[in-house]
Amino acid sequence: MNSNEHTKSGWAAIVVPAILLAIAGIAVFAWLFTAMFTVKNMPEAPVSSGRIYLYGEEHGSQAILEREAEIWNAYYHEDGMRDLFVELPYYTAEWMNLWMQADDDEILEALYLEWDGTAVHVQEVKEFYQRIKRECPETVFHGTDVGHQYDSTGARYLEYLVSVGQEQSEQYSLAQENIEQGRYYYGHGDNPYREKKLIENFVREFDGLEGRDVMGIYGSAHTGTEAMEYSKGRIPCMANQLKQRYGNALYSEDLRLSVRSGVEAQRIDTIKVGEKEYEAAYFGEMDLSWFSQELQYREFWRLENAYDDFKDNATTGNVLPYDNYPMEVQTGQIFVIDYHWTDGSVVREYHRADGSTWQGSPATVQFQAD
């Protein structure tokens with residue numbers, strides 16, 4: 001099936017079809033494109049002797065935020081870590097470091113207002129950072145993303161540096177560079193460019209810490225050590241390239257998996273497929289507005305006692321990795337997923353867990369139900 005991510009039929013916003021992977025594997029252009037963005041072309045510099053502990057998240061998930069706070073608390077108090085890498089711009093993290101030294105939350109409140117319209121503009125995220133300030137007050141944030149909110153948060157930070165006589169400082173230069181990264185990214189919609197900058201910014205910050213261990217919190221699309229960049233599938237993702245550079249010094253864990261094992265169905269519905277009705281365990285909806293202005297959310301059902309009826313149905317080429325589901329997935333299960341679009345339409349997909357994999361990770365495959 002065509003994998004155009006802007007169409008409703010067989011869209012691949014988070015799912016990359018198998019045919020794309022095949023093309024990427026054999027096309028000379030894709031090979032050249034990959035070479036342009038891998039760590040092989042990074043400026044040579046001493047590699048840090050520290051360790052990296054990456055944790056992949058679903059942005060805004062309260063259960064994952066609670067787990068991340070627990071993990072950081074342990075690293076902070078038991079192992080003496082102080083450096084926390086986050087999927088935020090350089091200047092946003094610098095604002096947060098100023099906030100950590102402040103007696104009130106005025107800086108955080110300003111940042112939170114500027115996050116409006118993003119996946120981190122939820123109360124749980126703000127409370128997560130407040131907990132870090134309260135329980136781990138010497139935390140130092142390192143922002144390694146491109147310049148989101150460059151005309152608000154970024155511009156304010158440059159004005160602040162000027163006001164304290166730091167317009168010639170390294171902080172000013174890095175903030176300017178980060179703003180330019182944001183302008184380019186939003187001007188071109190270039191996700192591989194963003195992935196490249198995530199890597200370069202991470203390496204700069206980490207290698208400058210003189211061997212200190214760090215923890216990093218990023219969307220799971222960036223933390224798979226064997227995964228490709230999520231939107232195009234042409235280049236290795238951030239953790240994949242960091243693994244090439246730092247080897248076994250990098251540990252990565254997808255926290256979405258750890259919080260799914262205990263998830264139970266919210267209700268039992270009845271879904272008719274063809275001429276047969278099935279009990280369908282409903283597991284709720286997942287917001288997708290952060291990914292596309294055309295999508296709102298998707299809903300998940302698991303059809304009970306349905307695998308034998310669909311195990312031989314033809315597949316479409318689309319896949320959905322297990323870690324995209326809100327619940328635990330096991331081989332031999334059938335799923336119904338409804339995608340809700342902003343124009344009010346709904347597109348239904350049928351998936352089966354038959355032991356297939358994608359980029360080394362287990363994934364369901366979409367099949368034709370008719």
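# Cavity, pocket and two backbone outliers

User: Which residues line the largest cavity?
Analyst: In this predicted model, the lining of the largest cavity consists of Tyr90, Gly143, Asp145, Leu174, Glu177, Asn178, Gln181, Asn201 and Arg204.

User: Which elements give two or more residues to that lining?
Analyst: Strand 3, helix 8 (170-188) and helix 9 do. Helix 8 has the largest share, with four residues.

User: And how many are nonpolar, polar or charged?
Analyst: Two are nonpolar, four are polar and three are charged.

User: What volume are we talking about for the largest cavity?
Analyst: About 40 Å³.

User: How many cavities of 30 Å³ or more turn up in the whole structure?
Analyst: The search finds one.

User: OK, pockets now. What is the volume of the second largest pocket?
Analyst: About 250 Å³. The pocket has 14 lining residues, and the closest to its centre are Glu58, Ser61, Val259, Val263 and Pro326.

User: Which elements give two or more residues there?
Analyst: Helix 3 (62-78) and strand 7 (276-287). Strand 7 gives the most, four residues.

User: How does the lining of that pocket split by class?
Analyst: Seven residues are nonpolar, three are polar and four are charged.

User: Switching to the backbone. What is phi at Gln149?
Analyst: Near 50°. That is a positive value, and the residue is not a glycine.

User: Why flag a positive phi?
Analyst: Because most residues other than glycine have a negative phi.

User: Where is Gln149 placed?
Analyst: Gln149 is in the loop between strand 3 (140-145) and helix 7 (150-163).

User: Is Gln149 buried or exposed?
Analyst: Buried. Its relative accessibility is 17%, and the cut-off for buried is under 20%.

User: What about phi at Glu210?
Analyst: Glu210 has a positive phi too, about 55°, and is not a glycine.

User: Which loop holds Glu210?
Analyst: The loop between helix 9 (191-207) and strand 4 (214-219).

User: Buried or exposed, for Glu210?
Analyst: Exposed. Glu210 has a relative accessible area of 75%, and exposed means over 50%.

User: Give me the two side by side.
Analyst: Gln149 has phi near 50° and counts as buried. Glu210 has phi of about 55° and is exposed. Gln149 is in the loop that follows strand 3, whereas Glu210 is in the loop that follows helix 9. Strand 3 and helix 9 are also among the elements that line the largest cavity.

Note on methods
Residues are numbered from 1 along each chain as its sequence is written. This is a predicted model: local features need pLDDT of at least 70, side-chain atom pairs count only at pLDDT 80 or more; totals for chains, interfaces and linings use all residues. Side-chain values use heavy atoms; hydrogens and water are left out. On a 1 Å grid over the protein atoms alone, a cavity is a set of points where a 1.4 Å probe fits but cannot get out, and a pocket is an open set with protein on both sides within 12 Å along at least five of seven lines; lining residues have an atom within 4 Å of a point. Grid points are joined across faces, edges and corners, and a volume is the space filled by probe spheres set on the points. Ala, Val, Leu, Ile, Met, Phe, Trp, Tyr, Cys and Pro count as nonpolar, Asp, Glu, Lys and Arg as charged, and the others, Gly among them, as polar. Buried means under 20% relative accessible area, exposed over 50%, partly exposed in between (1.4 Å probe, protein chains only).
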